[in-house]
Every structure is written in C-alpha cells, then in structure tokens.
Amino acid sequence: MSDYVFEPPLRPSLPIRGTDRRFPVRRVYCIGRNYAAHTIEMGHDPDRDPPFFFQKNPDNLDPSGEFPYPVRSSDVHHELEMVVALKSGGLNIPVEHALDHVYGYAVGLDMTRRDLQGEAKDLRRPWEIGKAFERSAPCGALVPAAEIGHPSAGLVQLRVNGEVRQTGDLGQMIWKVPEIIAYLSDYFELAAGDVIMSGTPSGVAAVARGDLMEAEIAGVGTLRVTVV
Ligand code: MN
C-alpha cells in the first residue's frame with residue numbers, strides 16, 4: 001500500500017518512433033519569439049534580446065492526433081515548433097556540451113488561446129491562461145538523436161486543410177538549440193525528461209473545428225492533428 005491519499009496518475013509520456021518504449025516527461029519549457037518574422041508579426045523588434053520562457057504542464061502534451069477546441073476562447077492559434085527532449089541535465093551547461101543532453105526531437109504544436117494571452121499581456125499577467133490549457137501541446141513521436149542527429153536547418157511548415165500557413169527554416173532560429181539549453185540551465189536545473197518547445201516561425205493563425213493541421217519538420221517528421 002502506498003501512502004498516497006489517492007492513486008497518483010501515470011506520469012505523462014511521449015511515444016518514441018519505431019519502438020514501444022516511452023519517454024517520461026518531467027517539465028515543459030517553451031521559448032517565446034525565436035524566429036524574427038514571427039517576432040515582427042507579434043509586434044516586437046526581432047533583435048537578439050535574451051530569450052524568455054514560459055511553461056506548459058507535462059500533461060498538456062498530447063500525442064493523440066486530436067485537438068479539442070478549448071473552452072473560454074474564440075481565437076485559438078497554431079504555433080508549429082520543434083520539440084527537444086532531454087535525457088540528462090544540470091545547471092550551467094556549456095553551449096558546447098548542450099547537445100550531449102538531448103535524447104531526441106519531435107514535431108509539436110504550441111496551441112494558444114490568443115485572445116486570453118492578449119488580455120494577459122495587456123494586464124501584465126502571466127501567460128498560463130493562454131498557453132497551459134488542456135491538451136494544448138499536441139506532439140508527435142520522439143525521434144532519437146542517435147538516429148537523425150541534431151537538426152539545425154531544414155523546412156518547418158504547417159499546413160491547414162492543405163493550405164500553407166507557416167513556413168520557415170530551423171536555421172532561422174534566433175537562439176539555436178544548444179544556446180537555448182545552455183541559457184535555460186543558467187536559471188533552472190534541467191533534468192532527464194524535460195522537453196523544450198523551441199519557438200515558432202511566422203504565420204500563426206486561428207483554427208476552427210474540423211481543421212486538419214499538418215506540421216512538418218524536415219528530418220523529424222510530420223504531425224497530423226484534427227481540431228475537434
Ligand atoms: Mn510558441
């Protein structure tokens with residue numbers, strides 16, 4: 001018998017492509033404004049200011065392929081992002097060793113209740129109400145870096161019902177993956193199971209029930225998610 005007053009839920013996890021094993025998730029960090037064209041479309045200067053982060057909840061990750069349109073919003077946007085999954089961590093990780101901590105990569109969506117995020121920004125409040133809602137992070141299977149290496153260039157594209165909405169290149173990231181890991185580790189002790197959503201290219205836009213989102217990252221894969 002455990003000492004828990006109720007049975008604790010299973011730890012959130014992500015599937016791993018080509019195996020039946022799963023990657024247990026500890027934390028979800030998300031970087032804001034990491035592609036210049038997206039920074040501009042959101043009304044900010046695309047200079048190389050220090051990166052900033054917010055978090056989603058581990059159980060917001062959802063590999064199901066369905067995204068239920070969330071409550072309390074009428075302006076829900078897609079943000080296509082490469083997901084970086086860590087197999088180890090630490091504090092003050094040097095940039096040149098950062099990729100040693102990466103288990104693998106996945107295609108993810110940072111779904112955003114843009115209306116609620118906008119209100120939070122206007123009121124100088126935190127972003128969770130716009131970002132960390134139920135099933136707000138659709139995510140495909142992880143692909144181990146041992147198989148594909150560490151993607152640093154290549155097409156990132158999101159299509160909705162076959163129409164291209166977001167297009168960019170991994171090489172356009174303002175802060176590269178090793179820099180993101182190193183910077184985060186100066187503020188948080190990173191650990192195995194942490195995942196990082198690495199920012200979205202321009203073209204974010206609203207979705208509606210029935211839409212099919214196809215999110216593609218060259219070398220990582222394609223994630224298909226239906227809005228229900
Ligand atoms: Mn995002």
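A pocket, as I use the word here, is an open set of grid points with protein on both sides within 12 Å along at least five of seven lines. I note at the outset that the model I am reading is predicted.

**Entry: pockets**

I looked up the largest pocket and found a volume of about 190 Å³. Its lining is made up of 14 residues, and those nearest the centre are Arg-33, Asp-47, Asp-49, Pro-50 and Phe-52. When I sorted that lining by class, I had six nonpolar, four polar and four charged residues.

I then turned to the second largest pocket, for which the volume is about 150 Å³. The residues around the second largest pocket are Phe-52, Phe-53, Phe-54, Gln-55, Pro-126, Trp-127 and Glu-128. Which strand gives the most to this lining? It is β4, residues 53-56, with three residues. By class I wrote down five nonpolar, one polar and one charged residue for the second largest pocket. Phe-52 appears in both entries, since I find Phe-52 among the residues nearest the centre of the largest pocket and again in the lining of the second largest.

**Entry: the enclosed space**

I searched the whole structure for cavities of 30 Å³ or more, and the search gave one. The space in this largest cavity comes to about 110 Å³. It is lined by 18 residues, with Gly-32, Arg-33, His-38, Glu-79 and Trp-127 closest to its centre. Helix α2, residues 114-122, gives the most to this lining, namely three residues. I sorted the lining of the largest cavity into five nonpolar, six polar and seven charged residues. Two residues tie this entry to the previous one: Arg-33, listed here by the centre of the cavity, is also listed by the centre of the largest pocket, and Trp-127, likewise listed here, also lines the second largest pocket.

**Entry: the nonpolar cores**

In soluble globular proteins, nonpolar side chains tend to be buried together. With that in mind I looked up the largest nonpolar core, which has 41 residues, and in which Leu-109, Ile-181 and Met-213 touch the most other members. At least two residues of this core come from each of β3, β8, β9, β13, α5, β16 and β17. Another core, of 17 residues, lies apart from it and includes Val-25, Leu-61, Cys-139 and Met-197.

I followed Ile-181 further. Leaving out residues up to four places away in sequence, Ile-181 touches Val-84, Leu-86, Ile-93, Ala-98, Val-102, Leu-190 and Ile-196. Ile-181 is also one of the buried residues of α5, together with Val-177, Pro-178, Ile-180, Ala-182, Leu-184 and Ser-185. The helix is mostly covered, with seven of its nine residues buried, and the elements that cover these buried residues include β3, β4, β8, β9 and β15.

**Entry: the open sheet**

I traced six strands through an open sheet of mixed pairing, and the order I recorded is β4-β3-β15-β8-β9-β12. Because β4 and β12 stand at the edges and each has a single partner strand, one side of each is left without a neighbour in the sheet. At the β12 edge, the pairing with β9 is antiparallel and rests on two bridges, and there I matched Gly-104 with Pro-144 as bridge partners.

**Entry: β16, β17 and the segment that follows**

How many bridges join β16 to β17? I find six, and the two strands run antiparallel. Within this pair, Thr-222 in β17 is the bridge partner of Glu-216. The hairpin has three residues between its strands, and Gly-219 in this hairpin takes a positive phi near 85°. β17 also pairs with β6, residues 66-67, in the parallel sense over two bridges, where Val-227 of β17 stands opposite Phe-67.

I ended on Val-228, which is found in the segment after β17. Is Val-228 buried, partly exposed or exposed? Its relative accessibility is 37%, so Val-228 counts as partly exposed, given that the partly exposed class lies between under 20% for buried and over 50% for exposed. Setting aside neighbours within four places in sequence, Val-228 is in contact with Glu-66, Phe-67, Pro-68, Tyr-69 and Arg-209. I also noted that the C-alpha atoms of Val-228 and Asp-211 are separated by 7.9 Å, although the two residues are 17 residues apart along the chain.

How values were computed
Residues are numbered from 1 along each chain as its sequence is written. This is a predicted model: local features need pLDDT of at least 70, side-chain atom pairs count only at pLDDT 80 or more; totals for chains, interfaces and linings use all residues. Side-chain values use heavy atoms; hydrogens and water are left out. On a 1 Å grid over the protein atoms alone, a cavity is a set of points where a 1.4 Å probe fits but cannot get out, and a pocket is an open set with protein on both sides within 12 Å along at least five of seven lines; lining residues have an atom within 4 Å of a point. Grid points are joined across faces, edges and corners, and a volume is the space filled by probe spheres set on the points. Ala, Val, Leu, Ile, Met, Phe, Trp, Tyr, Cys and Pro count as nonpolar, Asp, Glu, Lys and Arg as charged, and the others, Gly among them, as polar. Helices (H or I, at least four residues) and strands (E, at least two) are DSSP runs, numbered from the N terminus. A nonpolar core is a set of buried Ala, Val, Leu, Ile, Met, Phe, Trp, Tyr and Cys residues joined through side-chain atoms within 4.5 Å. Buried means under 20% relative accessible area, exposed over 50%, partly exposed in between (1.4 Å probe, protein chains only). Contact means heavy atoms within 4.5 Å. Two strands pair if DSSP finds at least two bridges between them.
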